[in-house]
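Grab your viewer and let's work through a few strand-and-helix exercises. Each one has a task, then a solution in steps.

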Amino acid sequence: MGERRSGGLFTVLKRTVLRPPPIWLMRQAGRYLPEYREARAKAGSFWNLCMTPERAAEVTMQPVRRFGLDAAILFSDILLVPFALGRQVSFNEGEGPRLEKTISSDELRTDVAEWEERLAPVYDALQLVDSELDAGTDLLGFAGGAWTLAAYMCEGRGSVDQRAAKLWGYRDPAGFVRFLDRIASCVAHHLVRQTQAGATVVQIFDSSAGGLSEQAFAEWVIAPTRRIVEHVREANDAVKIIGFPRGATLQEYERYAEETNMDGVCLDPAISLDEAAKNLGKLAALEGNLDPIALLAGGSAMSGAIERMLGATAATPFIANLGHGVLPETPVEHVAQFVEQVRRPR
C-alpha cells in the first residue's frame, strides 16, 4: 500500500479540494448490476462469492470497469470479523445474516494466527484487485465498527434497537467494554492486513451508531473506534481512514471526527451538508450523502439532489457518494447518470 497508486480519494482525505470530486458508491458491486447477478449465480452462495478470492476480485472490479469510478471497494462483508473471532455466521437467501449469539467475551478466539487463517481469502482478493487497478484508482478496504459488530453478535442477527447489546452494556459496563475491546482488536488487525494487501484507504462502518445516549455513544462507538484508528496508524501512518457512524447527529459526528482523529467521515442523508460543511468540514473531509432512494427514483429528484450536494460542498474536501448502499432495484442507467452529472464541468 502507499501513494504509488493512490488517487482522488487519498488526495481529498489529505484535505485537498478537488473539483469534480472523486466518486465511489457504497455497495457499488451488487445486485443492481447484471454482471454481478451472473457472478453470484455461478458462485452458488454469497459466502462463496466473498470467500473465493478470484470471484470476490472480479465483482469488486465490475463497477470500476463499467462506470470508471475513482475507487474500488473490496467485495466482502463486515461479519467476517465475527467469523474470525470463532462465531458461526451464515447468509441465508431472503433471511439476512444469522450469527451464533455471543454472551461472553470468553467465547471469542484471540489467536491472531486463527484470524489470519480465516480471513486470508480477503487479503488474497485485495492483492488480485490491486494488481488490476490502474494508477490513480484507490482501493478501499473496510470493516464494521466494534459497536455495530457487537450488536449483531449479541442479537444473533440485525436488530432495530440493538437491545441485547444495550442490555449487556447497561447491566455489565466493564464486561461489555472488554467485549468491545476484543472485537476492536480483531477489527484493527483486519484493517492493517488490508492495507498491507493493497488498500490505500479503509472505511469503518458503524451502521448501528444512531439513537444512543451521549454516554453510550462516547463509550461504545467513539472509544473503541479511537483505539482501532490508533492501532492502524501505528502500523501504517500513510493509510487514510474514513468513519461512518450512521444515524449519528451532526453534533455527534463532530465529536466523533475530533476524538477519533478520522481523515474523513461518511454522512447519511439525514445530515445537512450545508451545516456539515461549516464545522464538521474543518475537522475531516466529507463523504456522502445522496439518498439511495433518490438514486433509485432518478429524474429531477436525483439531479436536483446531486446539485444541492455539490453546491453545499464546493469549498470543502469532499467525496461524492451515497448516504448508504445502492439499492438492488436501482437502474444501472441512474448510476451512470450520477457519475456523469458529478463529473460535468461547472
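**Exercise 1: the hairpin**

Task: find the residue with a positive phi in the hairpin of β2 and β3.

Solution. Start between the two strands: the hairpin has 3 residues there, and G94 takes a positive phi near 80°. Strands here are DSSP runs of E with at least two residues, and helices are runs of H or I with at least four, both numbered from the N terminus. Next, check the pairing: β2 (residues 89-92) and β3 (residues 96-99) run antiparallel over 4 bridges, where pairing takes at least two DSSP bridges. Finally, V89 sits opposite L99 in β3.

A quick note on ground rules: this is a predicted model, with local features needing pLDDT of at least 70, side-chain atom pairs counting only at pLDDT 80 or more, and totals for chains, interfaces and linings using all residues. Residues are numbered from 1 along each chain as its sequence is written, and side-chain values use heavy atoms, leaving out hydrogens and water.

**Exercise 2: the open sheet**

Task: work out the strand order and the edges.

Solution. First, line up the 7 strands: β1-β4-β5-β6-β7-β8-β9, paired parallel. β1 (71-73) and β9 (318-322) each have a single partner strand, so one side of each lacks a neighbour in the sheet. Then take the twist, which averages 25° from one strand to the next.

**Exercise 3: a helix on top**

Task: place helix α14 (residues 299-312) on the sheet.

Solution. Look for contacts (heavy atoms within 4.5 Å): α14 touches β8 (285-290) and β9. Now compare directions: α14 makes about 165° with β8, using lines fitted to C-alpha atoms (for helices, over the stretch in contact) and N-to-C angles from 0 to 180 degrees.
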